[in-house]
Amino acid sequence: MNHENYREIRKQKQLSNFLSVKRSVRELDIDISSPSILTPVTLPWSLYAGGCKTLVTLKLSNMTLVDASSLPASFPSLKNLSLVKMKYPSEEFINKLLASCPVLDDLAVEQCSGDGVTVLAVQIPSLKSLSLRKRPDTDDDEAYGFVIDTPSLLSFDIVDHCGELCVVESYMPEIVYVNLDINYRRPWKMLTSLSSVKELELCLTSSKEYPVGIVFHNLVHLTICTCETEWLNLLLCVLKDSPKLQGLRIEQYHNIRTGEQRSCWKEPSSVPGCVLTSLETLEWVKYEGTEEEKEAAAFIFRNARFLKKATISSSSTDPVKKLEMLKGLSFLSRCSSSCHLTFD
């Protein structure tokens, strides 16, 4: 037994003794991230047998949870739960754990390779905030997706580039913020349940089969990522269905794949209503002055009657290139005489 493993075993024993005494513990944060630990670290049974009734916040990282038979019937006070790079004895275990939290408000889960979970079911009526992450190294056969049933949700943040789908089973009438950073083949069905959202961030691999009839009646702020080839069509589709949009942010979150053919600008047959009547701010981050970007910017400038501020920034370090981009933007016709253009 090396020194690091001996120290870790001592930590577990000390934690077990602590929890057996501190029955009224309200917050517990355990992170085992030493690369020298050769055997999986498991939580002591006394965590469940003792302090679970009073726990309000539980954060667990980089360890293996014990067999489901040691789970209590309920964590009656748990409001905040974070599970980062955890491994479970079975899919049933994690789903049973989530179901044992009747008053949970905030859930954050980051899955990892070999965690034993194919479909993560989040079915919690009380939940207000949900964050889901799948690490890029997660095996395909272990990363099928999610089932979400959270009718009280206010904030939903999902990043998944290796799963297959996310099934949303309930409408979320109170949803305020949604971030979808996913590469699912058919991501659109879930948007129907999220149509009440007020702030939406999208990075999607496809705009094909975009649903007809969905309307984001409450959407005020929209962010679109430009790293995928279909971003222009996606932008126009969402603008068309967002009658109250006031703020638009365009940004390249991820690197563009080498050799990937970019989409060309196609003038829409009609101007989205929000561009004509409600759009007030445009922020474009990592603007590179490509032909499709210039055409998209020109379209917004010449049609946005109530645009008050446009902020364009570029990641280029070439001062000559930046000057050319600034000149090109400055010469674009602007429908709004009060629009203030800032270039960084």
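**Exercise 1. Partners in a parallel sheet**

Task: In this predicted model, find which residue of strand 7 is the bridge partner of Val119, and then work out how the strands of this sheet are ordered.

Solution.

Step 1. Start at Val119: its bridge partner in strand 7 is Gly145. A little further on, Val122 has Ile148 of strand 7 as its bridge partner.

Step 2. Now take the two strands as wholes. Strand 7 covers residues 145–149, and five bridges pair it with strand 5 in the parallel sense.

Step 3. Look for a partner of strand 7 in strand 9. Ile148 stands opposite Val168 in strand 9, and strands 7 and 9 run parallel, joined by four bridges.

Step 4. Put the pairs together. The three strands form an open sheet in the order 5-7-9, with parallel pairing. Strand 5 (119–123) and strand 9 (165–168) are the edge strands, each pairing on one side only. From one strand to the next, the twist averages 10°.

Step 5. Check how well strand 7 is covered: four of its five residues are buried.

A helpful reminder: strands of a sheet pair through backbone hydrogen bonds, either parallel or antiparallel.

**Exercise 2. Two salt bridges across the sequence**

Task: Find which parts of the chain are tied together by the salt bridge of Asp105 and Lys79, and do likewise for Asp160 and Lys134.

Solution.

Step 1. Recall the idea: side chains of opposite charge can pair when their charged atoms come close. The structure holds 10 salt bridges, and here we pick out a few.

Step 2. In the salt bridge between Asp105 and Lys79, the closest N and O atoms are 3.9 Å apart. Asp105 sits in the loop between helix 3 (91–99) and strand 4 (106–111), and Lys79 in the loop between strand 2 (57–61) and strand 3 (80–84), so the pair ties together parts 26 residues apart in sequence.

Step 3. Check the surroundings of this pair. Asp105 has a relative accessible area of 26% and is partly exposed; Lys79, at 33%, also counts as partly exposed.

Step 4. Turn to Asp160 and Lys134, whose side chains meet in a salt bridge with an N to O distance of 3.9 Å. Asp160 belongs to strand 8 (residues 155–160) and Lys134 to strand 6 (residues 129–134), so this pair ties together parts that are 26 residues apart in sequence.

Step 5. Residues under 20% relative accessible area count as buried. Asp160 has 0% and is therefore buried, and Lys134, with 6%, is buried too.

**Exercise 3. A small network**

Task: Decide whether Glu251 is buried or exposed, and list which residues are linked with Glu251 in a network of salt bridges.

Solution.

Step 1. Arg249 and Glu251 join their side chains in a salt bridge, at 2.6 Å from N to O.

Step 2. Glu251 has a relative accessible area of 13%, so Glu251 is buried. Arg249, at 26%, is partly exposed.

Step 3. Add Glu283: a network of salt bridges links Arg249, Glu251 and Glu283.

**Exercise 4. The nonpolar core and a buried cysteine**

Task: Name the residues that touch the most other members of the largest nonpolar core, then describe where Cys101 is found.

Solution.

Step 1. In soluble globular proteins, nonpolar side chains tend to be buried together. The largest nonpolar core here has 90 residues, and Leu107, Phe156, Leu180 and Leu222 touch the most other members. Helix 5 (residues 231–240) gives the largest share of this core, eight residues.

Step 2. Zoom in on Leu180. Beyond its neighbours within four places in sequence, Leu180 has contacts including Phe156, Ile158, Met190 and Leu204.

Step 3. Move to Cys101, in the loop between helix 3 and strand 4. With a relative accessible area of 2%, Cys101 is buried. Apart from neighbours within four places in sequence, Cys101 is in contact with Phe75, Leu78 and Ile124. Cys101 and Pro76 are 25 residues apart along the chain, yet their C-alpha atoms are separated by 6.2 Å.

**Exercise 5. Checking a helix**

Task: Work out what span helix 7 should have at 1.5 Å a residue.

Solution.

Step 1. Helix 7 (residues 291–303) has 13 residues, and the expected span is 18 Å, because the rule multiplies 1.5 Å by one less than the number of residues.

Step 2. Compare with the model: the end C-alpha atoms of helix 7 are 19 Å apart, which agrees.

Step 3. To finish, look at the buried residues of helix 7, among them Glu292, Ala296, Phe299 and Asn303.

Terms used. Residues are numbered from 1 along each chain as its sequence is written. This is a predicted model: local features need pLDDT of at least 70, side-chain atom pairs count only at pLDDT 80 or more; totals for chains, interfaces and linings use all residues. Side-chain values use heavy atoms; hydrogens and water are left out. Two strands pair if DSSP finds at least two bridges between them. Axes are lines fitted to C-alpha atoms, for helices over the stretch in contact, and angles run from 0 to 180 degrees between N-to-C directions. Buried means under 20% relative accessible area, exposed over 50%, partly exposed in between (1.4 Å probe, protein chains only). A salt bridge is a side-chain nitrogen of Lys or Arg within 4 Å of a carboxyl oxygen of Asp or Glu. A nonpolar core is a set of buried Ala, Val, Leu, Ile, Met, Phe, Trp, Tyr and Cys residues joined through side-chain atoms within 4.5 Å. Contact means heavy atoms within 4.5 Å.
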